[in-house]
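Work through these exercises with the model open beside you. Try each task before you read its solution.

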Amino acid sequence: MRMYDCISKKKSGFALSKEEIKFLVDGYTLGEIPDYQMSAFLMAVCLKGMTEEETLSLTMAMAESGDILDLSAIHGCKADKHSTGGVGDKTTLVVAPMVAALKVPVAKMSGRGLGHTGGTIDKLESFPGFRTALTQEEFFSQVNRIGLAVMAQTANLAPADKKIYALRDVTATVDSMPLIASSIMSKKLAAGASVIVLDVKSGSGAFMKTLEDSVALAKQMVDLGNGAGRKTYAVVTDMNQPLGNNIGNILEVKEAIDALNGCGPEDLMDASCTLAAQMLVGAGKAASFDEGYQMAEGTIKDGSAFEKFCEFIEAQGGDAAYAREPQKFPTAPIKFPVKASASGYISSMDTEQIGLASLVLGAGREKKEDKIDPAAGIQMCIKIGDFVEAGQIIAVLYTSEEKKAVAARDRLLPAITISKEQVVPAKHVLAILE
Ligand code: URA
């Protein structure tokens, strides 16, 4: 078999066999196939697509490129959730303790920020002392002890995806449906949970910009998960504006703490209860979605989700005093207000640009090796449909240097459209697939 022939076949629009896909995934992981050939192949996939069979072969080849976790040492039906990536998406911080408080074990592997989107691991590291590099034994024993652990993806969990993703990130080959589906599902299948709930983001801040593409991606991932014997559900949620109001690590942690204390923004509360409800239904804890939703809300009302969150932060070496008194978190030295240039209704947002503005402030990485500034980010003061007066503050930028604030403001302002006509905002949860 030759990589040249695989590239050429895909370039001409033909489907590759399972053996050919395994050959190129294994060859690339072992370093036998160079980046330039893999890049050419990935671009051919972006342009010509993949059949369902090819996507399944790619998913399995990447999942099997490293360890497949056996979670049988954890008692009960293990649930996991995964987002396709969004701006201001802190739902894991709310959903995981909700579900764990209801005695469904959550054994979750999470990632760091990618491109304009944030990552759970970076957010959790805002807590002084919090450890995300757990050994498998620590991970299992913590889930058995308190029902919840979140760790960073280990080097040997779907290593093929890790390597291919890094290449996609720099070769403009991220936003391909079969590549996203196989990347996410290879990790989820290797991570071993029996119930998987996918949060598929849709809109200007997501990798899938249209509802049609998001639903198609969700369907493809649900089929891949169910086909591999995992109960898989997908929720399609709106990313035409940031989720909640805060973007950036400490700012998002603070908003998640507000949500756990019952005072989070409406869209974040709805997204969290929806995802938790699906996890509870999948794990057999709730008989229906509505029952699961009410149970999730109940963990906020009775304080059990917040208590579980504090227990989880302490269990991983973090200081839970920061959760009980969030004012302990450091704040950025510069708070830079951004003002509306005209009066009118907020009619649309380019959420990807807003995510990139928070990156400019220091909340994300431009290059893999960059260090993030946990206090950097954006507090949005508006939602789509709101009326603003010219000169009204629409966002506050948190950063360490004035020049970063100016650059971020110049990116943020054109990303927000103000119109004379009143606009009705879309619902946050757009579709649920079982
Ligand atoms: N998240 C992933 O893990 N992979 C993708 O391809 C996109 C989002």
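## Exercise 1: The ligand shell

Helix H9 gives the largest share of the shell around the ligand, 4 residues. The model is a predicted one.

**Task.** List the residues around the ligand, and find which elements give two or more residues to the shell.

**Solution.**

Step 1. Collect the neighbours. The residues around the ligand are His82, Thr84, Tyr165, Arg168, Ile180, Ser183, Ile184, Lys187 and Phe207.

Step 2. Sort them by type. The shell divides into 4 nonpolar, 3 polar and 2 charged residues.

Step 3. Look for side chains in polar contact. For Arg168, an N or O atom of the side chain is 3.0 Å from an oxygen atom of the ligand. For Ser183, a side-chain N or O atom is 2.7 Å from a nitrogen atom of the ligand. For Lys187, a polar side-chain atom lies 2.5 Å from a ligand oxygen atom.

Step 4. Check the cover. On its own the ligand has 240 Å² of accessible area, and the protein covers 96% of that.

Step 5. Assign the elements. Helix H8 (159-170) and helix H9 (177-191) are the elements that give two or more residues to the shell.

## Exercise 2: A sheet of four strands

**Task.** In what order do the strands E6, E9, E11 and E7 stand in their sheet, and which of them are at the edges?

**Solution.**

Step 1. Recall the principle. Strands of a sheet pair through backbone hydrogen bonds, in a parallel or an antiparallel sense.

Step 2. Begin with strand E6 (residues 246-247). Strand E6 pairs with strand E9 (residues 377-380) in the antiparallel sense, over 2 bridges. Ile247 stands opposite Ile378 in E9.

Step 3. Move on from E9. Strand E9 and strand E11 (residues 393-399) are antiparallel and pair over 4 bridges. Here Met380 faces Ala395 in E11 as its opposite residue.

Step 4. Add strand E7. Strands E11 and E7 run antiparallel and are joined by 6 bridges. Phe336 stands opposite Leu397 in E11.

Step 5. Put the pairs together. The 4 strands form an open, antiparallel sheet in the order E6-E9-E11-E7. Strands E6 and E7 stand at the edges with a single partner strand each, so one side of each has no neighbour in the sheet.

## Exercise 3: Two faces of one strand

**Task.** Which side chains of strand E7 (residues 334-339) point to the buried face, and which to the other?

**Solution.**

Step 1. Start from the rule. In a regular strand, side chains alternate between the two faces of the sheet.

Step 2. Apply it to E7. Ile334, Phe336 and Val338 point to one face and are buried. Lys335, Pro337 and Lys339 point to the other face and are not buried.

## Exercise 4: A sheet of three strands

**Task.** Find which strands stand at the edges of the sheet that contains E8.

**Solution.**

Step 1. Take one pair. Strand E8 (residues 344-349) pairs with E10 over 2 bridges, in the antiparallel sense. Tyr345 stands opposite Phe387 in E10.

Step 2. Read the full order. The 3 strands form an open sheet, E10-E8-E12, with antiparallel pairing. Strand E10 (387-388) and strand E12 (416-419) are at the edges, each with a single partner strand, so one side of each is left without a neighbour in the sheet.

## Exercise 5: Cysteines without a bond

**Task.** How many disulfides does the structure hold, and why is Cys263 not bonded to Cys273?

**Solution.**

Step 1. Recall the bond. A disulfide is a covalent bond between the sulfur atoms of two cysteines.

Step 2. Set the cut-off. The two sulfur atoms must be within 2.5 Å.

Step 3. Compare. The closest cysteine sulfur to that of Cys263 is in Cys273, 14 Å away, which is too far for a bond. The structure holds 0 disulfides.

Step 4. Place Cys273. With a relative accessible area of 3%, Cys273 is buried.

## Exercise 6: Positive phi

**Task.** Are Lys103 and Ala158 buried or exposed?

**Solution.**

Step 1. Note the background. Most residues other than glycine have a negative phi.

Step 2. Take Lys103. Lys103 is not a glycine, yet has a positive phi of about 70 degrees. Lys103 is in the loop between helix H5 (91-101) and strand E2 (106-110). Its relative accessible area is 69%, so Lys103 is exposed.

Step 3. Take Ala158. Phi of Ala158 is also positive, near 45 degrees. Ala158 lies in the loop between strand E3 (148-152) and H8. Its relative accessibility is 0%, so Ala158 counts as buried.

Conventions. Residues numbered from 1 in each chain as written. Predicted model: local features only at pLDDT ≥ 70, side-chain atom pairs only at ≥ 80, totals over all residues. Heavy atoms only, no water. Pairing = 2+ DSSP bridges. Buried < 20%, exposed > 50% of the residue type's maximum accessible area, 1.4 Å probe, protein only. Near = heavy atom within 4 Å. Polar contact = N/O pair within 3.5 Å; in protein donor to acceptor, adjacent residues only side chain to side chain. Areas by Shrake-Rupley, 256 points an atom, 1.4 Å probe, with all protein chains shown as cover. Nonpolar A, V, L, I, M, F, W, Y, C, P; charged D, E, K, R; others polar.
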